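Here is a short briefing to read alongside the structure. Have a look at the fold first, then follow the points below.

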Amino acid sequence: MPELVFFSGTMDCGKSTLALQIEHNRSARGLQGMIFARNDRAGAGKLSSRLGLVTEAIEVADELDMYAYLVDHLSRGARADYVIADEAQFLAPEQIDQLARVVDDLGLDVFAFGITTDFRSKLFPGSQRLVELADRVEVLQVEALCWCGARATHNARTIGGEMVVEGAQVVVGDVNQAPDEVGYEVLCRRHHRRRMTAASTRAGALSPDVLPVDTLERS
């Protein structure tokens, strides 16, 4: 039976790499996929991995009806055996409904990849709808790590290495950005709550200690 599968995890845990691996494995068996992406780090119309792999994709605009796009594609005699949707957290809830309809009405497997929560630990609307509709939700087993070595569970937005908690939900960026750019860092829950990034922790460790108070009486 065809399925809508949501592969979720933090940034930097290999979601796009897995999407590309699924595409490779299926295309190697003669199957043809339809690949959608939105706001990929490599630019519009791309699905890329931090390992350097990249392939062409259909950029999903706000107004794109993904179900209608597939129906038109198939009606013209073209082929699609499965669908991959990367950065699915950026899709609108109604577009997630369209992907579910692709599974139910067209009989195609849909593999969606995305992070679940934003930099404030709030659900992305697209991810929320995927959790509600998916036949399966798979948490990726390749764990990203916080700077402390614990499993990273939260995505932090940073500017100059400092964590920020206000701003638009969608701001495209990546890990390992230049200090003056908007970037992201994965943290464990404890350090996300404390707003302790790798840079701020190093800065604190390098700060001079408070001078000791001389409690001895002076003559």
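The chain exposes about 12100 Å², and carbon and sulfur atoms supply 51% of that area. Please keep in mind that this is a predicted model. Of its 219 residues, 41% count as buried.

**Overall make-up**
- You will find 6 helices and 11 strands in the chain.
- Among contacts with a separation of 6 or more, 73% are between residues 24 or more positions apart.

**The parallel sheet**
- An open sheet is built from 6 strands, and its order reads β5-β2-β6-β7-β1-β8. The pairing in this sheet is parallel.
- The edges belong to β5 (58-59) and β8 (136-139). Each has a single partner strand, so one side of each is left without a neighbour in the sheet.
- Strand β1, which covers residues 4-8, pairs with β8 in the parallel sense over 4 bridges.
- Within this part of the sheet, phenylalanine 7 stands opposite glutamate 138 in β8.

**Helices on the sheet**
- Helix α2 (residues 66-75) packs on the sheet, where it touches β2 (33-37), β5 and β6 (82-85). The direction of α2 makes about 150° with that of β2.
- Helix α4 (residues 125-133) also packs on the sheet, touching β1, β7 (109-114) and β8. For α4, the angle with the direction of β1 is about 130°.
- The edge strands come up again here: β5 is among the strands touched by α2, while β8 is among those touched by α4.

**Two residues with positive phi**
- As background, most residues other than glycine have a negative phi.
- Asparagine 39 has a positive phi, near 60°, although the residue is not a glycine. Look for asparagine 39 in the loop between β2 and β3 (46-48).
- Is asparagine 39 buried, partly exposed or exposed? Its relative accessibility is 26%, and because partly exposed runs from 20% to 50%, asparagine 39 counts as partly exposed.
- Glutamate 87 is not a glycine either, and its phi is positive at about 55°. This residue sits in the loop between β6 and α3 (93-106).
- Glutamate 87 has a relative accessibility of 13%, which is under the 20% cut-off, so this residue counts as buried.
- Both loops start from a strand of the parallel sheet: asparagine 39 follows β2, and glutamate 87 follows β6.

Key:
Residues numbered from 1 in each chain as written. Predicted model: local features only at pLDDT ≥ 70, side-chain atom pairs only at ≥ 80, totals over all residues. Heavy atoms only, no water. Buried < 20%, exposed > 50% of the residue type's maximum accessible area, 1.4 Å probe, protein only. Contact = heavy atoms within 4.5 Å. Areas by Shrake-Rupley, 256 points an atom, 1.4 Å probe, with all protein chains shown as cover. Pairing = 2+ DSSP bridges. Axes fitted to C-alpha atoms, helices over the stretch in contact; angles between N-to-C directions.
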